[in-house]
Amino acid sequence: MNFETLKYFSVSSDLIRSTEKELKTAGKSGYELFVLWTGTISQEGFVTRSMHVPRQTSYKLNAGLCVRVDGSVLHELNRWLYEHQEFLGVQIHSHPSEAYHSDTDDAYPIVTTLGGLSIVVPDFCQGGFFSPGTVAYRLQPNGWAELGPSTFRSILHVDP
Ligand SMILES: [Zn+2]
């Protein structure tokens, strides 16, 4: 599977709200959180059908925050995807302040499919999913490439 040719990713506003709720709840306790969107391919786009909050361990380190998802959890997710005929297309995670792809984010993504999307939400999502500081990246053969705000808005279709 290759997502490089997909022209958009669609998601329902319900799933956006659920994602915001998860990120904010974790943030209230001072933790970053990873949320995953899975779905199906339709014509030229990725259609998000399900949200997952994989079991994860969050650490508060002196150097900052860190989240780890065990291999066994990813294995479970892959089995679920196979059974439901869905694909992992988008990962979303929160940062305590500024949103960007850290070296760790680049090195240990959960989405590893070319053309997949990674969204980072600032301020533990206190300003909402579409805060002006939210950034998005797409996985290219040479690594994660940041999308400009207008490209991000045009690639992510939110269904009412
Ligand atoms: Zn990060």
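Asp123 is partly exposed, because 19 other C-beta atoms lie within 10 Å of its own and a buried residue needs 20 or more. The model described here is predicted. Asp123 is found in the loop between strand 7 (117–121) and strand 8. Its phi is positive, about 55°, although Asp123 is not a glycine. Most residues other than glycine have a negative phi.

Cys125 is found in the loop between strand 7 and strand 8. Cys125 also has a positive phi, of about 70°, and is not a glycine. With 26 other C-beta atoms within 10 Å, Cys125 is buried.

A positive phi of about 55° is taken by Gln85, just after helix 2. The table lists these residues.

| Residue | Place | Phi |
|---|---|---|
| Asp123 | loop between strand 7 and strand 8 | about 55° |
| Cys125 | loop between strand 7 and strand 8 | about 70° |
| Gln85 | just after helix 2 | about 55° |

**The sheet**

Eight strands form an open sheet with mixed pairing, in the order 9-8-7-6-2-3-1-10. The edges are strand 9 and strand 10 (156–159); each has a single partner strand, so one side of each is left without a neighbour in the sheet. On average, neighbouring strands of this sheet are turned by 30° against each other, direction ignored.

Helix 1 (residues 13–28) packs on the sheet. The strands that helix 1 touches are strand 1 (8–12), strand 2 (34–42), strand 3 (45–52), strand 6 (87–94), strand 7 and strand 10. The direction of helix 1 makes about 80° with that of strand 1.

At one end of the strand order, strand 8 (residues 135–140) and strand 9 (residues 143–147) run antiparallel and are joined by five bridges. The two strands form a hairpin, with two residues between them. Arg138 has Ala145 in strand 9 as its bridge partner, and Leu139 has Trp144 in strand 9.

**Helix 2**

Helix 2 (residues 71–84) has 14 residues, which at 1.5 Å a residue should span 20 Å. The C-alpha atoms at its ends are 20 Å apart, in agreement with that span. Is helix 2 buried or in the open? The number of its 14 residues that are buried is zero, so helix 2 lies largely in the open.

Gly71 is one of the residues in helix 2. Gly71 counts as exposed because it has 7 C-beta neighbours inside 10 Å, and the cut-off for exposed is 12 or fewer. Between Gly71 and Tyr31 there is a separation of 40 residues in sequence, and their C-alpha atoms are 20 Å apart in space.

Conventions:
Residues numbered from 1 in each chain as written. Predicted model: local features only at pLDDT ≥ 70, side-chain atom pairs only at ≥ 80, totals over all residues. Pairing = 2+ DSSP bridges. Helix = DSSP H or I, 4+ residues; strand = E, 2+ residues; numbered from the N terminus. Expected span 1.5 Å × (residues − 1). Axes fitted to C-alpha atoms, helices over the stretch in contact; angles between N-to-C directions. Contact = placed C-beta atoms within 7 Å.
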